[in-house]
Amino acid sequence: MEIVFLGTGGGRWVTITQRLKTGGFRIHAGRKIHIDPGPGALVSMKEARISPVDTDALIVTHCHPDHYNDAEILLEAMTQGMTKVKGVLAASETVLFGRDEVGPAISRYHRSKLAAVETLTPGKGFQVDEVQVAAIPTRHSDPTAVGLRFSTGEGVITYTSDTEYYEGLSDHYKGSRAIIFNVIRPAGERIPWHLCVDDVIKLVREAGPELAVLNHFGMKMVERRKAEALRVELETGVKTIAAMDGMVLTFAGGGVAYESIRGGGKTFKQAQLNF
Ligand SMILES: [Zn+2]
């Protein structure tokens, strides 16, 4: 199984300035699942030499543009230019139908060629062949936003999406091989509806994953993400890395993953992670 981080930026200003890329990430576990394709997802896929046509499911966790922007064009790719009935779209209620001033983000036309459309609500799940996907609750400014739990042949991978910390949140992350945290702010510099690194430390201690991956960085995290990942690791004893644009995590058996950076069809760096 591979997790491909097309973009590791998040929040308004990193997205507007493209200080980091914002194309979301993909899980390749037999079937190929794209999660939260923000602006530039298609461009980053071209750089990583991943064909957007080669997508089996698209998941959009909530209706903010750093998560949904490239969704419609990716649906056009998934359905081979809207010529085939194919693929699964799973998204929050706001993304699919809109609520109050928010959304929808995907037109009825773009929903019309999908083999299945799933509305993500906490506790509800669906299957993409051998990968079981379940929605996890969040506390975010889009009240229908969800996190995700992927049960794969290589173990459980969870993704917080955008949420703030609350008592009990970590229960949904127990048993994870890896947790991907959307962490906009460093240290204890908390803003409403989002995680800061001190929140991540609490969640890692409570949920006890094998590997923690920091992702979806706001402006204040760009320069500090590696140091903050090291701090999480030192304070929790859990292997922690900061995601990089183009990073691929390849999971092998027994607590080993390989971290590589890909771009322009090349692999620039490869390191073995033991955890
Ligand atoms: Zn958001």
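**Exercise 1.** Which residues have the most contacts inside the largest nonpolar core?

*Solution.* This is a predicted model: local features need pLDDT of at least 70, side-chain atom pairs count only at pLDDT 80 or more, and totals for chains, interfaces and linings use all residues. Numbering runs from 1 along each chain as its sequence is written.

- Define the core: buried Ala, Val, Leu, Ile, Met, Phe, Trp, Tyr and Cys residues joined through C-beta atoms within 7 Å.
- Define buried: 20 or more other C-beta atoms lie within 10 Å of the residue's own, with C-beta atoms placed from the backbone.
- Read off the result: the largest core has 76 residues, and V183 and V200 have the most contacts inside it. Its largest share, six residues, comes from β11.

**Exercise 2.** Place V200 in its helix and list its contacts beyond four places in sequence.

*Solution.*

- V200 is one of the buried residues of α7 (residues 197-207); the others are V197, D198, D199, I201, L203 and V204.
- Take contact as C-beta atoms, placed from the backbone, within 7 Å. V200 then touches F181, V183, L195, A212, L214 and V232.
- Widen the view: the buried residues of α7 pack against β11 (178-185), β12 (195-196), β13 (211-215) and α9 (225-236).

**Exercise 3.** Describe how α7 packs on α9.

*Solution.*

- Fit axes to C-alpha atoms over the stretch in contact, with angles from 0 to 180 degrees between N-to-C directions. The angle is about 35°, and the axes are 10 Å apart.
- List the contact: V197, V200, I201, V204 and R205 of α7 meet E228, R231, V232, E235 and T236 of α9.

Technical notes. Buried ≥ 20, exposed ≤ 12 C-beta atoms within 10 Å, placed from the backbone. Helix = DSSP H or I, 4+ residues; strand = E, 2+ residues; numbered from the N terminus. Contact = placed C-beta atoms within 7 Å.
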